[in-house]
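New to this one? Here's a quick tour of where its empty spaces and its packed interior sit, so keep the view open as you read.

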Amino acid sequence: MNILTTGINIDMSSMLPYMDLFFKGALLTLALSLVTVLLGSLIGFLTTLLRRSRFKVLNTIAKIYVQVIRGTPILIQLMLIRYGLPEIGIHIPNLFGIDAKIIACILALAINSGAYVCEIFRSGLNSVDKGQNEAARSLGLTSKQAMKLVILPQAIKTILPALGNEYITMIKESSIISYFGVFDLTYTQTIVKSLTYRTFEPLIVIAFFYFVLTTMLTTVLGYFERRMNKDVKN
């Protein structure tokens with residue numbers, strides 16, 4: 001398709017030879033975002049435990065972490081880990097054949113995600129009535145048993161949909177790693193632009209891919225959320 005009006009020339013057909021590249025970038029974006037959210041979930045869960053700790057020092061550390069991460073731009077966090085750490089002698093190595101810059105970006109995104117996931121876990125756990133824990137303890141369950149057998153099963157219906165939304169959000173936010181030379185869906189624009197000398201068309205294709213990915217995942221998430229709500233009612 002070629003649109004030529006008042007000096008504006010848009011040729012979307014010029015993008016067809018590079019669709020495989022866009023698909024590859026989309027798959028890598030999905031994979032990187034999934035790894036990031038999984039690591040972020042682990043960090044967030046551990047941080048939640050610290051925030052619920054009886055030890056004030058651990059509780060304070062967790063609160064500071066969440067406030068600092070949520071209160072600073074993700075770009076600055078990425079720059080600190082990618083460029084700042086080596087300046088003070090902390091070098092992130094290659095792992096499992098993955099380049100150090102990719103590891104650094106995944107680590108930064110996971111740390112960022114962890115702060116938000118912590119709030120997701122905390123909100124989910126707080127949504128369970130305190131009387132549930134008291135009832136479980138009165139039946140002879142320990143604090144850990146009450147958490148595992150009573151609190152978490154009820155909180156999960158609130159936590160899982162929110163985690164799904166965090167994954168969708170991370171798919172979009174991870175586009176920032178393209179500025180650090182990491183190949184993802186957004187970075188394909190740089191490659192295609194250098195090959196075709198066109199800027200507008202690859203951006204349109206990339207935006208379309210992001211829209212399709214987020215729409216599909218939102219639909220799937222909505223389906224499982226409805227199933228969970230139905231199971232709870234039954």
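**A first look inside**

Let's start with T188, a residue in helix α7, which covers residues 188-196. Keep in mind that what you're looking at is a predicted model. T188 counts as buried because its relative accessible area is 0%, and buried means under 20%.

**Who sits around T188**
- Setting aside neighbours within four places in sequence, T188 is in contact with L21, F22, G25, F183 and I206.
- F22 turns up again in the largest nonpolar core, where it's among the residues with the most contacts inside that core.
- F183 has another role too, as one of the residues lining the second largest pocket.

**How confident the prediction is**
- Across the protein, pLDDT averages 87, and 94% of the residues score at least 70.
- Confidence is highest in helix α2 (residues 56-70), with a mean of 94.
- Strand β1 (residues 2-5) is where confidence is lowest, at a mean of 51.

**The nonpolar cores**
- The largest nonpolar core is made up of 29 residues, and F22, L78, C105, I177, L185, V205 and F209 have the most contacts inside it.
- Helices α1, α3 (74-87), α4, α6 and α8 (200-233) each chip in at least two residues to this core.
- There's also a second, separate core of twelve residues, including V117, A155, I159 and L163.
- Want to zoom in on one residue of the largest core? L78 is in contact with Y83, C105, A108, I176, I177 and F180, once its neighbours within four places in sequence are left aside.

**The largest pocket**
- This pocket holds about 660 Å³ of space.
- Its lining has 19 residues, and R52, N133, S143, K144 and M147 are the closest to its centre.
- Two or more lining residues come from each of α1 (19-51), α4 (100-126), α5 (130-138) and α6 (143-173).
- Which helix gives the largest share of this lining? That's α6, with five residues.
- The lining is a mix: eight nonpolar, four polar and seven charged residues.

**The second largest pocket**
- Here you'll find about 280 Å³ of space.
- The lining consists of L28, A31, L32, V35, L39, I98, I102, I103, I106, L107, V182 and F183.
- How do these residues divide by class? Twelve are nonpolar, with no polar and no charged residues in the lining.
- Both α1 and α4 supply at least two of the lining residues, and the largest share, five residues, comes from α1.

**The enclosed cavity**
- Searching the whole structure turns up one cavity of 30 Å³ or more.
- About 50 Å³ of space lies in the largest cavity.
- Its lining is formed by F45, T48, L49, R52, L125, M147 and L152.
- R52 and M147 may look familiar, since both are among the residues closest to the centre of the largest pocket.
- Helices α1 and α6 each give two or more residues to the cavity lining, and α1 gives the most, with three.
- By class, the cavity lining has five nonpolar residues, one polar and one charged.

Methods:
Residues numbered from 1 in each chain as written. Predicted model: local features only at pLDDT ≥ 70, side-chain atom pairs only at ≥ 80, totals over all residues. Heavy atoms only, no water. 1 Å grid on protein atoms, 1.4 Å probe; cavity = no way out; pocket = protein on both sides within 12 Å on 5 of 7 lines; lining within 4 Å. Points joined across faces, edges and corners; volume = space filled by probe spheres on them. Helix = DSSP H or I, 4+ residues; strand = E, 2+ residues; numbered from the N terminus. Nonpolar A, V, L, I, M, F, W, Y, C, P; charged D, E, K, R; others polar. Core = buried A, V, L, I, M, F, W, Y, C linked by side-chain atoms within 4.5 Å. Buried < 20%, exposed > 50% of the residue type's maximum accessible area, 1.4 Å probe, protein only. Contact = heavy atoms within 4.5 Å. pLDDT = per-residue confidence, 0-100.
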